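Here is a protein chain with a ligand, to be read one question at a time. Look it over before going on.

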Amino acid sequence: MKLTIEDVRSRFIKHFDGQTGSVYTAPGRINLIGEHTDYNNGYVFPGAVEQGMIAEIKPNGTRNVDAYSIDLKDRVQFSLDDEKGPNATWARYIYGVCREMMALGVPVEGFNTAFAGDVPLGAGMSSSAALESTYAFAINDLFGENKIERMELALVGQRTEHKYIGVNCGIMDQAISCLGKAGHLMRMDCRSGEIEYFPWHPKGYQLVLVNSCVKHELKGSPYNERRLQCEHVAEVIAKKHPEVESLRDATMEMLDEVKNEITGAEYKRARYVIGEVVRVLAVCEALEIDDYEKVGQMMYDTHYGLSKEYEVSCEELDFLNDVAKECGVTGSRIMGGGFGGCTINLVADELAPNFKKVVVEKFEEKYGKKPIVIDVVIGDGARKLC
Ligand code: GAF
């Protein structure tokens, strides 16, 4: 069920003695292609979704934040001036955003807040970026006269992940959550920050997510290790090719030249990334001429790479990918960081009803639980609701 302002407001009123405040939202995301390319300075091609976080906020005239998570039924208080911050992970996202906004010179004051989300947790749809972007946008509006640009707000969210959560993520999730546009995918060059919006009007096709419900969480996963492996390969290549600053600049030939100087695992990781950077650009070109077969093939290639080379898949996601192929789905792949979560599927309209039925039946038959099918609608980025 779609989360509404009223769902959040009623709890805010209950927990904060009948007060009301301002309400903000920021979305989760899908990503058509370009996975694990952001922290390699390559391209990504995400879109914001309709599901997101909604937060009500009211300044309270103190230096304290009093925060209530409606979904977790948990209330945490912290001081903006505390150097350490709260223990609860969900509250650390809010604390981190406050501290990073203060570091940018925003005169953040204490506030009462309640929030909830309808981005499925652990589905690889970036609920954490939605939370960070909601609060970054809100704080900018409430205390910062909206002086900070959206890309800078995205960087606040990314720094929050790095410094307060311990996930060394790239910029994709926060960027699309802050900068998404309804009906458009956003290609971003993660080195220059350059952005191009592509209208998403797939004639005769639709995007469908299938959530395996295998919980994905980047914290504590080998995500940071993958990033280090990529950076190490780039450093080794740079000794021979100083123009290579990150894997985005490398070619397969360069990689083969250093094959004996890196581990087998590093070789596979880099092979995947170098291929993926090229695939994003190829998908954008294919979209310009409505070549959805090509887009779909690239998605299957990405799945293969994420599963066999980057090794961030799991049995259930590979199974979902196989079922998609059997059902004639045009393109299918793991979406997001991996280690669980969703597949994203590009499906011809006439095949979609059958695919949605069969994928649920087959998955349930094999794993004893139903996956969740989500129709993708591309929505807007962070904004004030009222
Ligand atoms: C996660 C990260 F947060 C992103 O920065 C990105 O690396 C993604 O995994 C993989 O493409 O969502």
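The turns below go from the whole chain to its parts.

Me: What average pLDDT does the protein chain of this predicted model have?
Reply: The model is predicted, not taken from an experiment. pLDDT is the predictor's confidence in each residue, on a scale from 0 to 100. In the protein chain, 100% of the residues score at least 70, and the average is 97.

Me: What radius of gyration does the protein chain have, and why does it agree with a compact globule?
Reply: The C-alpha atoms fill a box of roughly 60 × 50 × 40 Å along the principal axes. A compact globule of 386 residues would have a radius of gyration near 21 Å, so the protein chain agrees with it at 21 Å.

Me: What share of the residues in the protein chain is buried?
Reply: A residue counts as buried if 20 or more other C-beta atoms lie within 10 Å of its own. Of the 386 residues in the protein chain, the buried share is 50%.

Me: How many helices and strands does the protein chain have?
Reply: Both kinds of element occur, and they are spread unevenly over the two annotated spans. Residues 11-59 are 10% helix and 53% strand, whereas residues 93-181 are 58% helix and 8% strand. The count for the protein chain is 11 helices and 13 strands.Me: Which UniProt annotation covers residues 11-59?
Reply: The end C-alpha atoms of this span, residues 11-59, lie 17 Å apart. The name comes from an unreviewed UniProt entry, which gives residues 11-59 as "domain: Galactokinase N-terminal".

Me: Which residues does UniProt list for "domain: GHMP kinase N-terminal"?
Reply: The end C-alpha atoms of the span lie 24 Å apart. According to the unreviewed UniProt entry, the domain takes in residues 93-181.

Me: How many residues of the shell around the ligand are charged?
Reply: The residues around the ligand include E35, H36, D38, Y39 and D173. Asp, Glu, Lys and Arg count as charged. The shell divides into 4 nonpolar and 5 polar residues, and the number of charged ones is 3.

Me: Is N87 buried or exposed?
Reply: N87 sits in the loop between β5 (74-79) and α2 (89-103). A residue with 12 or fewer C-beta neighbours within 10 Å is exposed. N87 has 9 such neighbours inside 10 Å, so N87 counts as exposed.

Me: How far apart in space are N87 and V76?
Reply: Along the sequence, N87 and V76 are separated by 11 residues. Taken from C-alpha to C-alpha, their distance in space is 9.2 Å.

Note on methods
Residues numbered from 1 in each chain as written. Predicted model: local features only at pLDDT ≥ 70, side-chain atom pairs only at ≥ 80, totals over all residues. Helix = DSSP H or I, 4+ residues; strand = E, 2+ residues; numbered from the N terminus. Near = placed C-beta within 6 Å. UniProt positions renumbered as here; feature names shortened; annotations may be inferred. Rg over C-alpha atoms; globule rule 2.2 N^0.38 Å.
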